[in-house]
Amino acid sequence: MKKIILTLALLMGVFAVQAQSLEQNKFFDNWSVTLKGGAIMPFQGYAFWPSARGIFGMEIRKQLTPVIGLGVEGEATINTTSWEKEPNYWGPKSPNIIDHTLAGMFGTVNLSNLFGGYKGKPRVFELEGVIGAGWLHAFHRTESANVYGNDYNSWYTKAGANLNFNFGESRAWTFSLKPSVVWDMNGDIMIPYRYNLPARACRT
């Protein structure tokens, strides 16, 4: 069963405030809001640039310590059901602009601070590891999909990295590249369509 479906590449986080302090870290300290935009493509079996589609989203995050962070995120993909090379794991082609959405939680580990120690403020460049999980939703809305259910719900896991470039007097602003891989944990969503089976996973 194919479970790796998407890789998020060149996701850019902008306007992220990262005030990291070792002392007096209260609940409302060390929060950041990140706007994301970039490209998404299948993990394997497709040409890289011709298969790239748009993706955008937002995340809210709290830095618990200089090493550990937790957050929530939401993302939406554009025209991703146009990936129709057989076998097609993405569902029937949809006329919607937004074909898939992801909403979930994630955790980060600042590898630069973990192995290099915290210097009192963010470095000019920092590397973070990221893992996450959440809800994956597909908007089908086509004649064939209506036979089995319009939309599709699954859950996903993800793993990736944040390449953070910090700037400003206190380095409180960040430009970040966020490559990651997302797994659809329900596998091939086209099995019910291909074999005319009851669509357990496709009904909402």
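Start by selecting Asn162 and Lys178 in this predicted model. Their side chains make a polar contact, at 3.4 Å. Draw that distance as a dashed line and keep it on screen.

Now stay with Asn162. The residue sits in strand S7. Is Asn162 buried or exposed? Asn162 has a relative accessibility of 5%, so it counts as buried, the cut-off being under 20%.

Next, show what surrounds it. Beyond its neighbours within four places in sequence, Asn162 is in contact with Arg61, Thr108 and Val130. Glu126, Leu127 and Glu128 are also in contact with Asn162. Add Ser176, Leu177 and Lys178 to complete the list.

**The largest cavity**

Switch on a cavity display. The whole structure holds 4 cavities of 30 Å³ or more. Go to the largest cavity, with about 90 Å³ of space. Which residues lie nearest its centre? Select Glu59, Val130, Lys158, Asn162 and Lys178. So far you have met both partners of the polar contact, Asn162 and Lys178, and both belong to this central group.

The full lining has 15 residues. Colour them by type: 5 are nonpolar, 4 polar and 6 charged. Then colour by strand. Strand S4 (68-78), strand S5 (98-110) and strand S7 (151-167) each supply at least two lining residues. Which strand gives the largest share? Strand S7 does, with 4 residues.

**The aromatic pairs**

Hide the cavity and show the aromatic rings. There are 2 aromatic pairs in the structure. For each pair, look at two values: the distance of the centres and the angle of the planes.

Select Phe48 and Trp49. Their rings pair edge-to-face, with 4.8 Å centre to centre and 90 degrees between the planes. Turn on the surface here. Phe48 is partly exposed, at 43% relative accessible area. Trp49 reaches 59%, so it counts as exposed, the cut-off being over 50%.

Move to Phe125 and Phe165. This pair is tilted, with 5.2 Å centre to centre and 50 degrees between the planes. Which strands hold the two rings? Phe125 lies in strand S6 (residues 125-139) and Phe165 in strand S7, so the pair ties together parts that are 40 residues apart in sequence. Check the surface again. Phe125 is partly exposed, with a relative accessible area of 38%. Phe165 is partly exposed as well, at 36% relative accessibility.

Finish on strand S7. Select Asn162, which is in this strand, and then Phe165, which is also in strand S7. Asn162 counts as buried, whereas Phe165 counts as partly exposed.

Note on methods
Residues are numbered from 1 along each chain as its sequence is written. This is a predicted model: local features need pLDDT of at least 70, side-chain atom pairs count only at pLDDT 80 or more; totals for chains, interfaces and linings use all residues. Side-chain values use heavy atoms; hydrogens and water are left out. On a 1 Å grid over the protein atoms alone, a cavity is a set of points where a 1.4 Å probe fits but cannot get out, and a pocket is an open set with protein on both sides within 12 Å along at least five of seven lines; lining residues have an atom within 4 Å of a point. Grid points are joined across faces, edges and corners, and a volume is the space filled by probe spheres set on the points. Ala, Val, Leu, Ile, Met, Phe, Trp, Tyr, Cys and Pro count as nonpolar, Asp, Glu, Lys and Arg as charged, and the others, Gly among them, as polar. Buried means under 20% relative accessible area, exposed over 50%, partly exposed in between (1.4 Å probe, protein chains only). A polar contact is a pair of N or O atoms within 3.5 Å; within protein, one must be able to donate a hydrogen and the other to accept it, and residues adjacent in sequence count only if both atoms are side-chain atoms. Contact means heavy atoms within 4.5 Å. Rings of Phe, Tyr and Trp (its six-membered ring) pair if their centres lie within 6.5 Å; planes under 30 degrees apart count as stacked, over 60 as edge-to-face and the rest as tilted.
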